[in-house]
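These are my notebook entries on the structure shown below. I began with one loop, then turned to the chain and the ligand.

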Amino acid sequence: MTKSNKAYNSFEVAQSQFDRVADLLDLKAATRELLRSPLREYSFAIPVRMDDGSVQVFRAFRVQHNDARGPSKGGIRFHPLETQDTVRALAMWMTWKCAVVDIPLGGAKGGVICDPHHLSAREQELVCRGWVRQIVKNVGPTIDVPAPDVMTSAQHMTWMLDEFEAVTGSRAPGFITGKPISLGGSQGRKEATGYGLVFTLREALREMGLRPEDTVASVQGFGNVAQYAIELFTQIGGRVEAVSCWDQADSTSYTYRKKGGVDLAELRAISDPFGGIHSGRAIELGYEKLSGDAWIEQDVDILIPAALENAIRADNVGRIGKRVRIVAEGANGPTTPEADSALKDRGIFVLPDLLANAGGVTCSYFEQVQSNMNYYWAKDEVLGKLDVKMTSAFLAVHELARKQKLYMRDAAYVIAVTRVAEACHDRGWV
Ligand code: NAD
């Protein structure tokens, strides 16, 4: 991650987005107060005996923003620059995301300040088990259900599930999602966020009278979300010309571009499990290696930021090419408020994160449902249900935006905040 990515406080961004919508909806003061900050926050330490015998203490967080509509739900990130404010913002965005796609869950998020690149598998396992031990009383299938996020995988979820079951003396597959299929995971989960983004993108293109086969995209990130977005976008006929990712060896990011379009299988074969691309081999395969920010200034129709927050900022929004018609936000919070105003002024159609990347949590909800029923669906059934959810959420947001002449982000927020505020009101909280 570039340093500038962290120059913005994501929680302030999330609150300023909320405040705009609270004004639009003329929310009561108490509702506003309740929803603009988390209901509960936990901050704790995880001591780990490292492979060399020393003890390292990792700081960790869990934030439950709101659970009026159901148990809270949200991923756990491992990142060296993780902060409590980032986790707060992500928890808040989870609340809106679950509400905009109308699944009966609230919003939460977790994090550990660590860099798994520098931890052995054993050390990562101890971090996962330590995380669960510290928070076990405040999470669970009917309370708060974690999931993977940046730099955490099905393996991390398995260690966490095993620890939760060991500590509670139960079998509780509904405690966590993003599990491997063999332990009650859902078919289609790894595809869900990227595919969900493309389901909404497909609908946006249809509304704009554009055919996917006539469009070209540039993508920031080459992790879970980006790879599956590229996979489905190319399957429906689109072309991706540039991909940017973080280079661990150089501690910076690069963009890889290939005229005629990147080859997903080829790039997957030279990437690491954290979504980094081996630069030397990319060059051998004919890719141009450009600066990390170059993904934003490509001559394309669609930009897909699918790495981390604050990717599109006041200092680089002006570099977005004239041809760009759509920004489809795969990452959480990839656009800062100033950059968002600039996109709005330019008339760029934004598929906001809370809608565009909600496929992951929607499939996690399907996973919970299947785990609780102990009855599992085929992949086509999962992805079919996902398509229905994402398409209907897109259509509802687009219809509201069209009728009330709202920016897409505001329309998505209006739907989400209204639903959460109603649940809080119905419970008698406000
Ligand atoms: P990941 O760890 O699999 O991949 C992250 C990618 O971002 C990697 O390719 C990494 O190299 C790249 N990256 C990091 N810093 C970069 C930089 N400065 N410039 C360019 N590339 C950079 O993570 P993921 O699961 O794909 O998540 C990506 C984003 O999507 C995050 O914001 C996450 O919160 C969000 N998200 C993920 C899911 C999910 O299901 N995985 C669901 C919803 C939202």
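**Entry 1: glycine 169.** I looked up where glycine 169 sits and found it in the loop between helix H5 (154-168) and H6. The model I am reading is predicted. Is glycine 169 buried or exposed? Its relative accessibility is 67%, and a residue counts as exposed when that value is over 50%. Glycine 169 is therefore exposed. I also checked its separation from proline 104: the two residues are 65 residues apart along the chain, and 27 Å lies between their C-alpha atoms.

**Entry 2: the chain.** I next recorded the secondary structure of the protein chain, which has 14 helices and twelve strands. The radius of gyration is 20 Å, and the globule rule gives 22 Å for 430 residues; because these values are close, the protein chain is as compact as a globular protein of that length. Along the principal axes, the C-alpha atoms fill a box of roughly 55 × 55 × 45 Å. I noted that 59% of the 430 residues count as buried.

**Entry 3: the ligand's position.** Where does the ligand lie with respect to domain 1 (37-172) and domain 2 (190-356)? Both domains give residues to the shell around the ligand, so the ligand lies between them.

**Entry 4: the shell.** I listed the surroundings of the ligand and found 29 residues, of which Thr193, Phe222, Trp246, Gly275 and Asn332 come nearest. By class, the shell holds twelve nonpolar, 13 polar and four charged residues. I then asked which elements each supply at least two residues of this shell. They are helix H6 (189-207), helix H7 (224-235) and strand S7 (239-247). Strand S7 gives the most, with three residues.

**Entry 5: polar contacts of the ligand.** I looked up three distances from oxygen atoms of the ligand to N or O atoms of the protein. For the side chain of threonine 193, the distance is 2.6 Å. For the side chain of arginine 189, it is 3.1 Å. At phenylalanine 222 the partner is a backbone N or O atom, and I recorded 2.8 Å. How much of the ligand's exposed area does the protein bury? Taken alone, the ligand exposes 820 Å², and the protein buries 92% of that.

Conventions
Residues numbered from 1 in each chain as written. Predicted model: local features only at pLDDT ≥ 70, side-chain atom pairs only at ≥ 80, totals over all residues. Heavy atoms only, no water. Near = heavy atom within 4 Å. Polar contact = N/O pair within 3.5 Å; in protein donor to acceptor, adjacent residues only side chain to side chain. Areas by Shrake-Rupley, 256 points an atom, 1.4 Å probe, with all protein chains shown as cover. Helix = DSSP H or I, 4+ residues; strand = E, 2+ residues; numbered from the N terminus. Nonpolar A, V, L, I, M, F, W, Y, C, P; charged D, E, K, R; others polar. Domains from an automatic or database assignment. Rg over C-alpha atoms; globule rule 2.2 N^0.38 Å. Buried < 20%, exposed > 50% of the residue type's maximum accessible area, 1.4 Å probe, protein only.
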